[in-house]
Amino acid sequence: MCFAVKCYAEHVVYRVVMTIKRSVALLSALGLLFFPAIGQATEIESPTITSETAIVIDAKSGDVIYDKQAEQQMFPASITKILTAIIALEYGEWTDSVEISEAATEAVGTTVFLMEGEVIELGQLIKGLLINSGNDAGVAIAEHLAGSEEAFQRVMNEYLTERIGVENTHFTNAHGLFDEDHYTTAEDMAIITQYAMNNDAFRELAAIEEFEWESESWETTIYNHHQLVRDHDEVIGVKNGFVSQSGFTLATMAEIEDDEYIVVTMNALTANDSYEDTRALLRYAGHNYETQTLEEGDFFEGDDGKEYEVVQGAYYTVARGDEVSHEVDEGQLVIRDAEDDVLVRQTLRPMLDSFQVQAASETVTEEEDQQFSFVQWVQDLIGRWF
């Protein structure tokens with residue numbers, strides 16, 4: 001009888017959960033959870049954010065769309081694992097066998113219950129790190145890649161400055177547990193997230209909603225701790241975090257229409273606050289801004305009447321509906337927005353006119369003739385000797 005009651009209760013809970021998920025999916029499909037359909041409103045005002053610091057950047061251009069004290073030094077908690085995972089993907093092999101040390105099993109906080117002496121593939125540890133936020137997986141990855149946690153700390157900080165190019169971040173561990181010298185900024189975390197999400201393997205991992213975990217001590221289904229990844233198709237990653245000293249931290253990337261945005265919020269009082277802040281910032285960014293592209297090979301006419309070619313493509317961010325201006329002065333392209341702010345400044349390559357093309361062709365032909373004549377002369381000389 002008790003078993004039947006339990007089954008009925010579980011069935012009721014299941015029906016409620018599925019109803020909620022279907023409702024969420026429907027709202028998401030209608031575009032109501034993140035931002036009104038383009039054209040429903042002329043503008044969405046900058047939202048009031050409860051997190052202490054926050055930033056939104058265009059993931060393609062890197063342009064800052066919203067900034068709340070984004071350069072202020074903060075404690076990151078588990079969004080640290082974004083860096084650990086991308087380093088593991090770039091420097092390790094997915095199928096590497098990793099033997100779990102005693103130190104890894106002693107990691108506190110959230111874990112994937114690793115056992116000393118067991119051997120697990122690096123790829124599975126990365127999944128345990130990103131999906132279930134396993135601190136023990138972070139230690140195991142650090143030891144495997146660098147030999148020790150201390151050595152991995154040096155790897156992380158060199159990678160931050162030399163590979164990614166951020167200057168206001170210093171990490172002391174692979175998982176994000178509190179340390180006074182383990183800090184970053186919302187701005188740096190957005191740049192780190194942008195770098196990681198440009199890696200196809202990382203992007204695929206960051207979007208995983210659930211994974212069947214199998215190890216010597218634990219067989220279960222692990223679920224992505226980032227609630228928005230599970231609830232909204234637009235959200236494609238990446239990581240949440242919490243320790244008491246940092247509050248709730250959240251790094252998120254979403255695809256809205258053809259654009260991509262990265263939001264970082266730090267030191268929210270509750271997890272719900274961090275999610276609500278992120279939703280509000282995505283609505284604001286997605287409705288008000290869009291990414292435009294400067295294509296390699298595009299042509300522009302200069303003030304001198306000559307044509308110039310774009311050598312290197314670029315992305316730039318503009319307010320939706322705004323017209324941009326293009327100016328080419330002495331071979332340099334300047335793109336400005338409606339407020340006359342410079343969006344792109346790039347040196348172009350001048351196109352050759354027909355006379356220059358003919359002259360260049362004749363020069364090449366002459367050089368080829370000279371080269372041929374020299375070869376023929378050598379052959380004739382050898383023929384005379386032999």
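This briefing covers the salt bridges, surface charge, covered elements and backbone features of one predicted structure.

The model is predicted, so local features need pLDDT of at least 70 and side-chain atom pairs count only at pLDDT 80 or more, while totals for chains, interfaces and linings use all residues. Residues are numbered from 1 along each chain as its sequence is written, and side-chain values use heavy atoms, with hydrogens and water left out. The structure holds 9 salt bridges, and a patch of negative charge lies on the surface. Strand 1 (residues 53-58) and helix 4 (residues 122-130) are both mostly covered.

**Salt bridges**

- A salt bridge here is a side-chain nitrogen of Lys or Arg within 4 Å of a carboxyl oxygen of Asp or Glu.
- Side chains of opposite charge can pair when their charged atoms come close.
- R163 and E90 form one salt bridge through their side chains, at 2.6 Å from N to O. R163 belongs to helix 6 (residues 149-164) and E90 to helix 2 (residues 81-91), so this pair ties together parts that are 73 residues apart in sequence. Helices (H or I, at least four residues) and strands (E, at least two) are DSSP runs, numbered from the N terminus.
- R163 has 40% relative accessibility and counts as partly exposed; E90, at 30%, counts as partly exposed too. Buried means under 20% relative accessible area, exposed over 50%, and partly exposed in between (1.4 Å probe, protein chains only).
- E260 and R203 form a salt bridge whose closest N and O atoms are 3.1 Å apart. Because E260 lies in strand 9 (residues 259-268) and R203 in helix 8 (residues 200-206), the pair ties together parts that are 57 residues apart in sequence. E260 counts as buried at 12% relative accessibility.
- R320 meets D259 in a salt bridge of 3.1 Å, N to O. R320 sits in the loop between strand 13 (314-319) and strand 14 (325-329) and D259 in strand 9, so parts that are 61 residues apart in sequence are tied together. Both R320 and D259 are buried.
- R320 and D259 also belong to a network of salt bridges that links them with E257 and E290.

**Negative surface patch**

- E301, D303, D304, E307, E327, D329 and E330 make up the patch of negative charge on the surface.
- Patches are made of residues with over 30% relative accessible area and no salt bridge; like charges are joined within 9 Å, and nonpolar side chains (Val, Leu, Ile, Met, Phe, Trp, Tyr) within 5 Å.
- Lys and Arg count as positive and Asp and Glu as negative, while His and the chain ends are not counted.
- D304, one of the patch residues, lies in the loop between strand 11 (299-301) and strand 12 (307-309). At 45% relative accessibility, D304 counts as partly exposed.

**Strand 1 and its partners**

- In strand 1, 6 of the 6 residues are buried. T53, I55 and I57 lie on one side, and A54, V56 and D58 on the other.
- Strand 1 pairs with strand 9 in the antiparallel sense over 6 bridges; two strands pair if DSSP finds at least two bridges between them. V56 has V263 of strand 9 as its bridge partner.
- Strand 1 also runs antiparallel to strand 2 (residues 64-68), joined by 4 bridges. A54 stands opposite K68 there.
- Strand 1 and strand 2 form a hairpin with 5 residues between them, and G62 in the turn has a positive phi of about 80°.

**Helix 4 and the loop after it**

- In helix 4, 9 of the 9 residues are buried. Among them are the charged residue K127 and the polar residue Q124.
- S133 lies in the loop between helix 4 and helix 5 (135-146). S133 has a positive phi of about 60° although it is not a glycine, and at 4% relative accessibility it counts as buried.

**Other backbone features and contacts**

- E257, a member of the salt-bridge network, lies in the loop between strand 8 (247-256) and strand 9. E257 has a positive phi of about 55° although it is not a glycine, and it is exposed, with a relative accessible area of 55%.
- A cis peptide bond with omega of about 15° joins G237 and V238; V238 lies in strand 7 (residues 235-243).
- V155, in helix 6, has its C-alpha atom 8.7 Å from that of I87, 68 residues apart along the chain.

Technical notes: Accessible areas come from the Shrake-Rupley method with a 1.4 Å probe; for residues, only the protein chains shown count as cover. The place of a charge is taken as NZ of Lys, CZ of Arg, CG of Asp or CD of Glu.
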